[in-house]
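Please open the structure in the viewer and keep the selection panel at hand. The tour proceeds from one selection to the next.

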Amino acid sequence: MFEASRAKAIERLDNFIENNLLEYSKLRNFDFGPDKRSNISCLSPYITHGIINELEVIDKSLKKFSFSKNEKFIQEVLWRVYWKGWLELRPNVWSDYLIELNNLRDQFKSNQNYLNAIEGKTDLECFNQWVNELKENNYLHNHTRMWFASIWIFTLELPWQLGAEFFMQNLYDGDAASNTLGWRWVAGIQTQGKHYLASEWNIKKFTNNRFQNIKLNENAPPKISEKTYTLAKKEFNNPQNVEEKNLLIFENHLSFEITDFKKSKFEKIYIVSNKNENRSIKLSEKLVKFKSLLIEDQKQRLKDKSIDCEVIDISEIQNIENYYALYPAVGENLDYLNSNSLKVDFLYRNLDQLAWQFCNKGFFNFKNYIPKIVSTFN
Ligand SMILES: Cc1cc2nc3c(=O)[nH]c(=O)nc-3n(C[C@H](O)[C@H](O)[C@H](O)COP(=O)(O)OP(=O)(O)OC[C@H]3O[C@@H](n4cnc5c(N)ncnc54)[C@H](O)[C@@H]3O)c2cc1C
């Protein structure tokens with residue numbers, strides 16, 4: 001479903017905008033099945049890796065339709081920017097998640113209910129199909145992610161942390177912010193007391209009656225977390241003059257040529273590959289392969305432009321001197337830099353510098369700033 005190249009990503013984007021964007025807000029909640037995905041963009045594996053970026057997507061959509069016709073789609077595209085900013089301002093949500101996950105892994109490693117869930121052997125046909133789809137296609141529709149997480153937490157009664165790990169191991173768009181906060185939101189601890197309960201009628205309606213016998217716990221109370229998080233004081237400033245140093249890019253910025261720093265001169269670009277040895281959550285083989293193909297594609301595009309570049313493993317950063325890094329954001333790569341006490345001069349995207357200051361409250365509040373964000377860059 002997802003070919004690992006910028007050329008393919010652009011093709012998909014252009015095709016979606018040309019043929020399907022108009023009906024997006026009407027049809028987006030339907031999961032018609034893995035072979036019928038034209039009602040949504042399926043761009044997330046590319047956006048997550050920076051193969052294409054949010055502004056490029058918004059810009060192209062606005063060349064086709066007005067802001068008001070496009071508003072729903074633009075809001076969705078900016079949800080991920082919002083989630084990322086929200087987590088930047090509360091990074092302990094991520095580190096606490098990893099600690100909790102570590103404890104639960106041990107507790108559940110022989111739990112039959114858990115093993116049945118990740119092997120797609122539950123009594124729920126729809127859930128089992130989604131497990132297989134996740135492993136085979138490395139993607140699930142947004143509504144299905146909500147049903148999946150809700151069934152995992154409230155019907156199968158498994159810890160959300162393990163479900164979030166299962167997603168991260170398999171999703172081509174796996175993202176520390178959207179995934180962790182998406183699962184927290186379904187559980188009812190992101191917006192305290194407000195959970196998402198999947199129901200039989202809703203699944204039937206939005207899957208076009210593809211599944212029968214969906215016996216769910218439709219009355220479960222939200223999960224409760226005692227933890228509260230105060231806002232971290234963080235600045236996302238760039239240097240006034242970007243000097244000619246080396247540049248590190250991580251897996252979230254794999255199209256240097258569309259970044260805000262494309263015109264700056266760098267001595268050499270190092271594309272950092274992070275294989276499983278240095279990750280808390282071990283990725284499936286297919287996902288590791290997908291990432292390395294995207295990295296190769298970026299390397300080739302840089303070579304075609306005669307830009308000096310090299311792919312290195314994250315453990316080799318220690319051997320490099322005098323560098324900037326495009327900010328990897330809260331997640332596994334930043335954890336590696338912090339745990340190895342690597343002091344890095346980060347370069348932040350202009351979009352994030354503007355948008356993240358509006359992520360201190362809920363998305364409802366963030367939405368008010370969307371016209372300002374869009375007009376700043378358009
Ligand atoms: C439990 C759960 C876990 C999730 N985990 C991830 C994840 O790891 N990575 C990830 O990118 N998204 C995640 N999402 C959000 C969303 O499901 C996907 O971004 C979306 O399904 C991607 O499909 P698409 O590109 O066809 O989306 P479209 O509907 O075509 O939307 C266009 C773009 O908008 C962004 N977007 C849309 N909906 C959301 C959303 N709810 N939150 C954040 N961004 C959104 C994505 O970048 C997407 O590519 C999760 C949602 C839930 C409920």
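Select α9 and α11 to begin: these two helices are oblique to each other. The model is a predicted one. Their axes lie 9 Å apart and make an angle of about 60°, and α9 passes α11 in a right-handed crossing.

Next, display the side chains at this crossing. From α9, select Arg145, Met146, Ala149, Ser150 and Ile153; their partners in α11 are Gly182, Trp183, Val186 and Ala187. Coloured by class, the contact of α9 with α11 shows six nonpolar, two polar and one charged residues.

Now move to the ligand and select the 28 residues around it. Among these, Ser41, Ser44, Asn142, Asn179 and Gly182 come nearest. The shell comprises 13 nonpolar, nine polar and six charged residues. Colour by helix, and at least two shell residues will be found in each of α3 (44-48), α5, α9 (142-155) and α11 (176-187). Colour by domain instead: domain 1 (6-88 + 355-377) and domain 2 (110-206) each provide at least three residues of the shell.

From the ligand, follow α5 (residues 67-89) to α17 (residues 370-377). The axes of α5 and α17 come within 11 Å and cross at roughly 95°; this pair is therefore roughly perpendicular. To view the contact, select Phe67, Ile74, Gln75 and Leu78 in α5 together with Ile370, Ile373 and Val374 in α17. By class, the residues of this contact are six nonpolar, one polar and no charged.

Terms used: Residues are numbered from 1 along each chain as its sequence is written. This is a predicted model: local features need pLDDT of at least 70, side-chain atom pairs count only at pLDDT 80 or more; totals for chains, interfaces and linings use all residues. Axes are lines fitted to C-alpha atoms, for helices over the stretch in contact, and angles run from 0 to 180 degrees between N-to-C directions. Helices (H or I, at least four residues) and strands (E, at least two) are DSSP runs, numbered from the N terminus. Angles under 35 degrees count as roughly parallel, over 145 as roughly antiparallel, 65 to 115 as roughly perpendicular and the rest as oblique. Two residues are in contact if their C-beta atoms, placed from the backbone, lie within 7 Å. Ala, Val, Leu, Ile, Met, Phe, Trp, Tyr, Cys and Pro count as nonpolar, Asp, Glu, Lys and Arg as charged, and the others, Gly among them, as polar. A residue is near a molecule or strand if its C-beta atom, placed from the backbone, lies within 6 Å of it. Domain bounds come from an automatic or database domain assignment. A crossing is left-handed if the near helix is turned anticlockwise from the far one by less than a right angle, and right-handed if clockwise.
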